[in-house]
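Welcome! Take a moment to turn the model around before reading on. The text below walks through it step by step.

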Amino acid sequence: MSLTMMALRIAAVQALKAGGTLVGDNVLDSQISAIDQTADGQLRSDQQRPFIAVYTDAAKAQDLGQTGLRSNGRVDIMFNCGVSVTMAETNKETGETQIVDLFPATDANLEAVLDALDVQISRVLNDPDNPWAQVFGDFVQAYVAKEHVRSSSSAENVRLAAGQTKLTVDVFADPRHGQPLVEGGPWPRFMALMAEHGVPQLALFQQLVGDPASRAYEDFERLTGMTTRDAQSLRLYTFGGVGRDVVVTDAVNEAVPV
């Protein structure tokens, strides 16, 4: 798991909570038991309300020359949605049993809720007025693919409908530890939003991002994943015979034109 993958997942969860979807604030971060499979292949859920569970399951990076092991490459983000007839509630005004507002508790409406959530997920993550969605989008270099699959179960006469939307994105590399971050960039905005909303992972991100540290010369080992021996062989730290641990100041050009 990388910093950017964690940040993507948290930003997606918070964006969906703020986005006013059919599930309200019941957006879960990597909760495995939200949808599980029994030994006989049936689906089950520990949730009492319709939900969206967000996961960052897989990533693959190639051609790591520019960013080394900080690369994230292509990331799969899963949005698992679930709804069951056991989640239905009675509308006090009409007396009608509903799964969510405007959706009576019928099999057809179980599927309709999943359809609506798939639409809402896409809309929320592109909402220009949702700061979490804007940070999410700024971590993404390109949207590559979107897939949607369905499943259902009727174990013990409990009808459960589940849908999964998989979003594949190309994302930027992680910042190196202590890298000065551009003011107004996605990382400072993400950290500020975490502080504003009391997101519990803030302390972990502060530790892993590190305090900004300016250096005379970039650490090519951290930037690209090369070893110090490779950097020395490429003479990246021998500026006219001056070693990497020497800071040149007040240089004077005394060359005489011929």
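This report goes from the whole chain to its strands, its cores, its rings and its charged pairs.

## The whole chain

Please keep in mind that this is a predicted model. The chain has 258 residues, and 38% of them count as buried. Seven helices and ten strands are found along the chain. The chain exposes about 14700 Å², of which carbon and sulfur atoms supply 49%. How do the contacts spread along the sequence? Among those between residues at least 6 apart, 65% join residues at least 24 apart.

## Strands side by side

A good place to begin is strand E4, which covers residues 51-60. Strand E1 (residues 27-29) runs parallel to E4, and three bridges join the two. Within this pairing, Leu 28 stands opposite Ala 53 of E4.

E4 also pairs with strand E5 (residues 73-84), this time in the antiparallel sense and over nine bridges. Here you can look for Phe 51, which stands opposite Gly 82 in E5.

## Nonpolar cores

In soluble globular proteins, nonpolar side chains tend to be buried together. In this model, the largest nonpolar core holds 46 residues. Which of them touch the most other members? They are Ile 52, Val 54, Phe 79, Phe 136, Phe 190 and Phe 205. The elements that give two or more residues to this core include the strands E4, E5 and E10 (160-171), along with helices H2 (107-125), H3 (131-139), H4 (186-197) and H5 (202-209). Helix H1 (3-18) is also one of these elements, and H1 gives the most to this core, with eleven residues.

There is a second, separate core of seven residues, among them Ala 34, Phe 51, Ala 53 and Met 78. You have already met two of these names in the strand pairings: Phe 51 stands opposite Gly 82, and Ala 53 stands opposite Leu 28.

## Phe 190 and the aromatic rings

Phe 190 deserves a visit of its own. Leaving aside neighbours within four places in sequence, Phe 190 is in contact with Ala 7, Ile 10, Ala 11, Trp 132, Val 135, Phe 139 and Phe 205.

A pair of aromatic rings is described by the distance of the centres and the angle of the planes. The count of aromatic pairs here comes to six. Why is the pair of Phe 139 and Phe 190 called edge-to-face? Their ring centres are 5.9 Å apart and their planes stand at 80 degrees, so the pair is edge-to-face, since angles over 60 degrees count that way. This pair links distant parts of the chain, with Phe 139 in helix H3 and Phe 190 in helix H4, 51 residues apart. Both Phe 139 and Phe 190 are buried.

Trp 187 and Phe 190 form another edge-to-face pair, 5.9 Å centre to centre with 85 degrees between the planes. Both of these residues lie in helix H4, three residues apart, which is about one turn of the helix. Trp 187 is buried, as is Phe 190. Ring pairs link Trp 132, Phe 139, Trp 187, Phe 190 and Phe 205 into a cluster.

## Charged pairs

Side chains of opposite charge can pair when their charged atoms come close. How many salt bridges does the structure hold? There are six, and the table lists some of them.

| Salt bridge | N to O distance |
|---|---|
| Asp 25 and Arg 49 | 3.3 Å |
| Asp 118 and Lys 146 | 3.8 Å |
| Arg 189 and Asp 138 | 2.7 Å |

The bridge of Asp 25 and Arg 49 links the loop between H1 and E1, where Asp 25 sits, to the loop between strand E3 (43-44) and E4, where Arg 49 sits, 24 residues apart. Arg 49 is partly exposed, with a relative accessible area of 37%.

In the bridge of Asp 118 and Lys 146, helix H2 holds Asp 118 and strand E9 (residues 140-153) holds Lys 146, 28 residues apart. Is Asp 118 buried or exposed? Its relative accessibility is 16%, so Asp 118 counts as buried, the limit being under 20%. Lys 146 is partly exposed at 44%. Besides Lys 146, the contacts of Asp 118 beyond four places in sequence are His 148 and Thr 165.

Arg 189 and Asp 138 form a salt bridge that connects helix H4 with helix H3 across 51 residues. Arg 189 is partly exposed, with a relative accessible area of 27%, and Asp 138 is partly exposed at 35%.

How values were computed: Residues are numbered from 1 along each chain as its sequence is written. This is a predicted model: local features need pLDDT of at least 70, side-chain atom pairs count only at pLDDT 80 or more; totals for chains, interfaces and linings use all residues. Side-chain values use heavy atoms; hydrogens and water are left out. Two strands pair if DSSP finds at least two bridges between them. Helices (H or I, at least four residues) and strands (E, at least two) are DSSP runs, numbered from the N terminus. A nonpolar core is a set of buried Ala, Val, Leu, Ile, Met, Phe, Trp, Tyr and Cys residues joined through side-chain atoms within 4.5 Å. Buried means under 20% relative accessible area, exposed over 50%, partly exposed in between (1.4 Å probe, protein chains only). Contact means heavy atoms within 4.5 Å. Accessible areas come from the Shrake-Rupley method with a 1.4 Å probe; for residues, only the protein chains shown count as cover. Rings of Phe, Tyr and Trp (its six-membered ring) pair if their centres lie within 6.5 Å; planes under 30 degrees apart count as stacked, over 60 as edge-to-face and the rest as tilted. A salt bridge is a side-chain nitrogen of Lys or Arg within 4 Å of a carboxyl oxygen of Asp or Glu.
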